[in-house]
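Hi,

Here's the structure I said I'd pass along. Have a look at it first, and my notes on what turned up follow underneath.

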Amino acid sequence: MVCGAGGQVGHCLLNQAASFGLEAIGLSHEELDITCRTQIGQALERHRPALIINAAAYTNLDHAEAEIAQAEAVNCHGVANLAEAASEFGIPLFHLSSEYVFSGDGDQPYRETDPTSPANVYGATRLAGEEAIRSRLERYLILRTSWIYGEHGNNFVKTMLKLGGKSDEISVVSDQIGCPTRSRSIARVLIELAARYCREGTLQWGLYHYSSSSPCSWAEFAEEIFREAARVGLIDKAPRVLPIASESLPRAAARPAWSVLDCRRIEEIFGIRPKPWRDELRHVIRHLNELPDASSGPAPSRVPFRLYSQG
């Protein structure tokens with residue numbers, strides 16, 4: 001049973017399941033509100049799944065600073081509801097988490113055993129969700145990832161493509177470093193591990209990191225997006241990217257300067273190796289180029305300048 005099936009990763013989970021011989025029961029927020037314990041119990045009674053994969057989350061970083069109760073309701077209490085239900089029904093819970101549980105002031109890739117210290121409300125609620133699972137379940141798999149993008153839903157790549165058709169210059173922050181990770185690859189990892197559990201009846205449970213390889217800044221990511229999009233004709237011309245400091249674009253929620261995850265554990269235990277984000281981006285741009293309305297297209301008159309910060 002996939003919770004949050006309408007999101008970026010949830011959508012891909014449903015698409016990936018059949019290739020591994022699994023039947024995925026996808027439930028969007030409208031179909032299952034994880035903040036309601038009764039709804040979760042009813043869904044489990046109705047579908048009787050072998051396991052739960054939770055891709056549902058409150059993800060608006062800036063709004064979370066003011067909407068603390070709403071963020072906690074989904075990212076903490078909702079996850080606790082799922083963990084309690086999984087325990088009651090005797091099934092495992094897979095949960096997608098975030099690199100925002102770390103402070104972002106490091107300079108080495110974060111390992112699963114490194115201390116957590118969220119810099120904003122969103123990160124704190126995500127960490128609370130992880131702790132809710134660990135305190136209630138023995139059979140769980142928490143997967144932290146970073147900088148999610150893909151063909152489905154709203155994300156940095158699609159925003160850049162829209163701006164790229166309207167502006168000659170776009171300023172993008174250059175002092176936040178992370179690893180862009182394709183939603184399809186995240187989904188494939190979760191489905192592969194779900195299939196392994198269904199086949200073998202067990203897994204090495206616990207906390208894992210998975211993101212693409214080769215860190216970059218948002219500005220470097222934007223440059224590659226425009227370069228590839230112009231190459232395939234998705235935009236007429238690649239705009240110039242102007243790197244700027246985060247302090248030039250003040251936001252309600254602090255963004256971590258360093259969001260790089262160490263993914264050695266998932267490779268050592270499961271043989272799952274992160275993919276280079278540039279290779280993944282080429283696939284996404286190619287697929288978007290084949291879709292109608294993939295970007296807003298060239299505007300009648302291009303504006304000279306546009307500012308952008310992730311989130």
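**Two odd backbone angles**

R48 sits in the loop that connects α2 (37-47) to β3 (52-54). Keep in mind that this is a predicted model. The phi of R48 comes out near 50 degrees, which is positive even though the residue is not a glycine. R48 is also exposed, at a relative accessible area of 53%.

S214 is another non-glycine residue with a positive phi, about 75 degrees. You'll find S214 in the loop between β10 (206-209) and β11. With a relative accessibility of 39%, S214 is classed as partly exposed.

**A small sheet**

β11 also turns up in an open sheet of three strands, ordered β11-β8-β13, with mixed pairing. β11 (216-217) and β13 (258-259) are the edge strands, each pairing on one side only. Strand β8 (residues 177-178) and β11 run antiparallel and are joined by two bridges. If you want a spot to zoom in on, G178 is opposite C216 in β11.

**The nonpolar cores**

In general, nonpolar side chains in soluble globular proteins tend to be buried together. Here, the largest nonpolar core has 37 residues, and the members touching the most others are L13, F94, L141, L143, L190 and I266. At least two residues of this core come from each of α1 (8-17), β4 (93-98), β5 (140-145), α7 (183-200) and α9 (264-270). The top contributor to this core is α7, with eight residues.

What does L13 touch, leaving out residues up to four places away in sequence? The partners are V2, I53, A55, A187, L190 and I191. There's a second core too, separate from that one, with 32 residues that include I25, I34, V74 and Y122.

**A buried arginine**

The one I'd look at with you is R126, in helix α5 (residues 121-134). R126 is buried but makes no salt bridge. Where is the nearest side chain of opposite charge to R126? That would be E130, 7.1 Å away, and a salt bridge would need a nitrogen-oxygen pair within 4 Å.

What R126 does have is a backbone partner: its side chain reaches the backbone oxygen of L96 at 3.1 Å. Setting aside residues up to four places away in sequence, R126 is in contact with A56, A57, N75, H95, L96, S97, S98 and V101.

Happy to go through any of this whenever suits you.

Cheers

Definitions and conventions:
Residues numbered from 1 in each chain as written. Predicted model: local features only at pLDDT ≥ 70, side-chain atom pairs only at ≥ 80, totals over all residues. Heavy atoms only, no water. Core = buried A, V, L, I, M, F, W, Y, C linked by side-chain atoms within 4.5 Å. Buried < 20%, exposed > 50% of the residue type's maximum accessible area, 1.4 Å probe, protein only. Helix = DSSP H or I, 4+ residues; strand = E, 2+ residues; numbered from the N terminus. Contact = heavy atoms within 4.5 Å. Lys, Arg positive; Asp, Glu negative; His and termini not counted. Polar contact = N/O pair within 3.5 Å; in protein donor to acceptor, adjacent residues only side chain to side chain. Pairing = 2+ DSSP bridges.
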